[in-house]
Amino acid sequence: MQRTDVKHSAFWVRDYNKKKLYNLIRRHVGISRSELTRMIDLTPTSVGKIIAALIEDGLVSECGLAADGKIGRNAIQLNIVPEKVLTMAIEIDVGIIRGGVLDIGQQVVTSYSTSISESQPLEEVTQLLADIIGTLYQRLTPEQQDNLIGLGIAVPGYVDRKNGVIRQSPQLNWKNYPLMEQLQRLLPRPLPVLIENNVKAEAMAELIYGTADKRQNALIIDVGSGVGAAYISRGRVQTGKHNAMGELGHILVGSNGVRCSCGRYGCLRTHIARTSIEERTGMDFPSCVAAAKSGNHLCTEVLTEAAHYAAVWIANCVNLYDPEVIYLGGTLQEDWPEFFTQVKEEYKQYIWEAVRDEQYLLERTYVCASKNNLILSASIMFYQYLMTGVMIDEELIHS
């Protein structure tokens, strides 16, 4: 679909300011018009007109009075109407597909999950995805269906976001699969669809709902079925030329190491990822952690090695990215909380001395606390909605 360049049009500017005000109201519950005017480079008249349009669209509501810092005057408070902005969210991971519909206030409207196996043909998995999407869509009221802004799909691995192709997902054993093309013809109606790497989706969630928006730059590191990273700079998730930035798990740490699911030998994920730990110990990950606590030598050795490799490469990331902060999390850490403690105790000894006194490593603030995996996939579309120049990018609707 040919792109329409609206960057310099009056519509784009008006819509950009509309989004900026909407996002400020979302972040500052109960904010007034005069407070918004002080936070944005617009006149009170312009702010008033945009707020009036947002109220008319049903996106914002007035909700009472509050002191506005001026004697004898109370200001009308403003809040977003979260249920007016919905997205469908799909998370695909090893052995499971989770789906749901969420509003921009993080409330789950409806959800559905099902298991998948490694041996299932890709066409069968795609049909299963379409069935889940159709089921979720039918559960919505007509008004909720109208409020859908699109569909976000989070997948582990290297994703060609522009073309909707899974270039390589070692965890899922998918390669060069045109998921977007296959899925579009099965949707209940034309919808904007974005497919994104799961760790970049986590970074988007941290920007929208966590504390990363308060940082000039930050690095998100996730350790689960794989090992991935996402770099945030000046309020944007960076992608690199091919959207492959952050494939930390496939950095080689030894060319004669264990064979990785990507086909090479010695990838970092073979030492850290929970699936690799399970293969090496012959136990599921929670059992491995329990066995290590009970004195099992093999499990203790493998987990200690995982923390060591993580510490070394987090220290390397400090040199590579010079981030203000590194957020560490993932399903490995959720089942083994001591992982973070061990890594934090060790990584500093590997950091370059000139910056060793800086406090870099933090537990992920939003994702770890949320316990809502679907918000990651939902954030793919909410990020597009909040951070781009037009309310819905029609280029994302593939007919």
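Strand β14 (residues 325-329) pairs with β15 in the parallel sense, and three bridges join the two. This comes from a predicted model. Let's look at the sheet that holds this pair, then at a second sheet. As general background, strands of a sheet pair through backbone hydrogen bonds, either parallel or antiparallel.

**The five-stranded sheet**

- One bridge between β14 and β15 can be pinned to residues: isoleucine 326 has leucine 361, in β15, as its bridge partner.
- The sheet is open, and its five strands follow the order β13-β12-β11-β14-β15, with mixed pairing.
- At its edges stand β13 (236-238) and β15 (361-363), each of which pairs on one side only.
- On average, neighbouring strands here are turned by 30° against each other, if direction is ignored.

**A helix across the strands**

- Helix α13 (residues 338-347) lies across three strands of this sheet: β11 (217-223), β14 and β15.
- Relative to β15, helix α13 runs at about 170°.

**The three-stranded sheet**

- Another open sheet has three strands in the order β7-β8-β9, and their pairing is antiparallel.
- Why does one side of β7 and of β9 lack a neighbour in the sheet? Both β7 (158-160) and β9 (174-177) stand at the edges with a single partner strand each, so one side of each is left without a neighbour.
- Neighbouring strands in this sheet are turned by 20° against each other on average, direction ignored.
- Three bridges link β7 to strand β8 (residues 165-169) in the antiparallel sense.
- Within this sheet, aspartate 160 has valine 165, in β8, as its bridge partner.

Notes:
Residues numbered from 1 in each chain as written. Predicted model: local features only at pLDDT ≥ 70, side-chain atom pairs only at ≥ 80, totals over all residues. Heavy atoms only, no water. Pairing = 2+ DSSP bridges. Helix = DSSP H or I, 4+ residues; strand = E, 2+ residues; numbered from the N terminus. Axes fitted to C-alpha atoms, helices over the stretch in contact; angles between N-to-C directions. Contact = heavy atoms within 4.5 Å.
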